[in-house]
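Open the model in your viewer and keep the selection tool at hand. The tour begins at the ligand and ends in the loops.

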Amino acid sequence: MKETWFYESLFPSVKLGLKVKETLVSKKSAYQKINILDTYEFGKVLVLDGIVQTTEADEFIYHEMLTHLPMLSHSHPKRVLIIGGGDGGVLREVLKHPVKEVFLVEIDEKVIELSKTYLSAICRNSFADRRANIIIDDGVNFIKECKGKFDVTIIDSSDPIGPSKVLFSSKFYRDAFNALSNGEGIFAQQTGSPFLQREELPYVYKRLKKIFPFVATFLTAVPTYVGGFFSFVFASKGIDPLNIHLAQLEKRYRKFKLKTRYYNPEIHLASFALPTHIKETVETKRNG
Ligand code: SAM
């Protein structure tokens, strides 16, 4: 039988290839091309406009770091905003915390619908949780009406192309700052591969640094996000992420009985230790 392979189209000269058992979904929505593939190595994979978004096998790494690092850095996050995240992975992890309410604002209803059907191993019952408010809207519109409403805001968008591009603008970052509650308000966003998407992290870091008193970069590695390290930015109105103690994180981690496969308080603090070539890209921006 002829083998079927999917090749990601994110980088012009570097390709991730996945051997495919079956193409479960191949649809065009109002915003993007949606594919869900069943693969031999990574299970079911969500692909938007030819770019891997998440896979059953390695999603826990990305979703746990993007969620628990900002959530446990805050002393009592009760209201949380997720922009993007239509696969439900970040929502699942946020709901492990004793939050009062979570708003998930996804631009493409089809992504949520298809994730509920084909990616239940990722979203589980998260979308049906009574604390979850699911909003179909462009994040840039929704956030304008939320002055001081949220303790933690998590941007789980695709890369800064297509519908996500607006979520990497200074205007959006200012609105995100205003939508955070005073005191500790925390913002976190994925900023791609520092090796293959060299501009993305310094671009975001520089813009956030003009708006938030505290900004830092943290790293992980996700097997299907090609390029080695994968980066995120942490920004806060009042929390210096480099000044959080292990004991404090361990206390919160134990108190909420968080079950995680990648995240732990040690890796939380270690993820801010940057290799020199990445440090230099943000530091130059720090002094820029
Ligand atoms: N983890 C993935 C990554 O790092 O590339 C992101 C996964 S998540 C599925 C990305 C979601 O962001 C998509 O469902 C997309 O529809 C949504 N999205 C893109 N632009 C958006 C916008 N402006 N407002 C709200 N959601 C948006």
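This is a predicted model. Start with the side chain of Y225. One of its N or O atoms is 3.0 Å from a nitrogen atom of the ligand.

Next, select E106. A polar atom of the E106 side chain lies 2.6 Å from an oxygen atom of the ligand. Then add Q53. Here an N or O atom of the side chain is 3.3 Å from a ligand oxygen atom.

How much of the ligand's accessible area does the protein cover? On its own the ligand has 600 Å² of accessible area, and the protein covers 99% of that. Switch on the cavities. The largest cavity is the space that the ligand takes.

Now color by secondary structure. Three elements each give two or more residues to the shell around the ligand: β4 (43-48), β6 (79-84) and β7 (101-106).

Select the whole shell. It holds 26 residues, of which Q32, E106, D138, G139 and Y225 come nearest to the ligand. Color the shell by class. You get 11 nonpolar, 9 polar and 6 charged residues.

Leave the ligand and go to D49. This residue sits in the loop between β4 and β5 (51-55). Its phi is near 50°, a positive value in a residue other than glycine. D49 is partly exposed, with a relative accessible area of 38%.

Last stop: R124. Look in the loop between α4 (120-123) and β8 (132-136). R124 is not a glycine, yet its phi is positive, near 45°.

Conventions
Residues numbered from 1 in each chain as written. Predicted model: local features only at pLDDT ≥ 70, side-chain atom pairs only at ≥ 80, totals over all residues. Heavy atoms only, no water. Near = heavy atom within 4 Å. Polar contact = N/O pair within 3.5 Å; in protein donor to acceptor, adjacent residues only side chain to side chain. Areas by Shrake-Rupley, 256 points an atom, 1.4 Å probe, with all protein chains shown as cover. 1 Å grid on protein atoms, 1.4 Å probe; cavity = no way out; pocket = protein on both sides within 12 Å on 5 of 7 lines; lining within 4 Å. Sits in = over half its atoms within 2 Å of the grid points. Helix = DSSP H or I, 4+ residues; strand = E, 2+ residues; numbered from the N terminus. Nonpolar A, V, L, I, M, F, W, Y, C, P; charged D, E, K, R; others polar. Buried < 20%, exposed > 50% of the residue type's maximum accessible area, 1.4 Å probe, protein only.
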